[in-house]
Amino acid sequence: MASSSLHSSSGWTPQENKLFERALAVYDRDTPDRWQKVARAVGGKTAEEVKRHYQVLIEDLRRIELGNVPFPNYRC
């Protein structure tokens, strides 16, 4: 079963994710019409899509902080 973050982020390119991250740094939670502005900065996404992408990001971070995401087993 795929996680919601894998499903939701599959339509986002690395370039869109970088633009999304930059827009979040510019438009904080107190910015009027934040999601419309973030969507405009990303391009090709609606305000609802960027808001959902943000919610998935926050949920992923919460799971990581709670220790619910196992560390990868890297071999050197």
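Helices here are DSSP runs of at least four residues, numbered from the N terminus, and with that convention in hand the reader can place the features of this predicted model along the chain. A convenient starting point is Asp33, which lies in the loop between helix 2 (14–26) and helix 3. Although Asp33 is not a glycine, this residue has a positive phi of about 55 degrees. Asp33 is also exposed, because its relative accessible area of 53% falls above the cut-off of 50% that the term requires.

The next residue to consider is Arg34, which is found in helix 3, a helix that covers residues 34–42. Arg34 is buried and yet has no salt bridge, the nearest side chain of opposite charge being that of Asp28, 6.2 Å away. That distance can be set against the definition of a salt bridge, which asks for a side-chain nitrogen of Lys or Arg within 4 Å of a carboxyl oxygen of Asp or Glu. If neighbours within four places in sequence are left aside, the contacts of Arg34 are with Leu24, Tyr27, Asp28, Arg29 and Tyr54.

Tyr54, one of those contacts of Arg34, leads on to the aromatic side chains, of which the structure holds two pairs. In one of them, Trp12 and Phe20 are arranged edge-to-face, with 5.4 Å from centre to centre and 70 degrees between the planes. Trp12 counts as buried because its relative accessibility is 10%, and Phe20 counts as buried because its relative accessibility is 2%, the term being reserved for values under 20%. The pair formed by Trp35 and Tyr54 is instead tilted, with 5.1 Å from centre to centre and 45 degrees between the planes. This pair links distant parts of the chain, since Trp35 is in helix 3 and Tyr54 is in helix 4, 19 residues apart. Both Trp35 and Tyr54 are buried.

From helix 4 the description can turn to the surface. Leu57, Ile58, Leu61, Ile64 and Val69 together make a nonpolar surface patch of about 390 Å². Among these residues, Ile58 lies in helix 4, which spans residues 47–65. Ile58 is described as partly exposed because its relative accessible area is 39%, a value that lies between the limits of 20% for buried and 50% for exposed. The same value also explains why Ile58 can belong to a patch as far as accessibility is concerned, because 39% meets the requirement of over 30% relative accessible area.

How values were computed
Residues numbered from 1 in each chain as written. Predicted model: local features only at pLDDT ≥ 70, side-chain atom pairs only at ≥ 80, totals over all residues. Heavy atoms only, no water. Patch = residues over 30% accessible without salt bridge, like charges linked within 9 Å, V, L, I, M, F, W, Y side chains within 5 Å. Areas by Shrake-Rupley, 256 points an atom, 1.4 Å probe, with all protein chains shown as cover. Helix = DSSP H or I, 4+ residues; strand = E, 2+ residues; numbered from the N terminus. Buried < 20%, exposed > 50% of the residue type's maximum accessible area, 1.4 Å probe, protein only. Lys, Arg positive; Asp, Glu negative; His and termini not counted. Contact = heavy atoms within 4.5 Å. Phe/Tyr/Trp six-rings, centres within 6.5 Å; stacked < 30°, edge-to-face > 60°.
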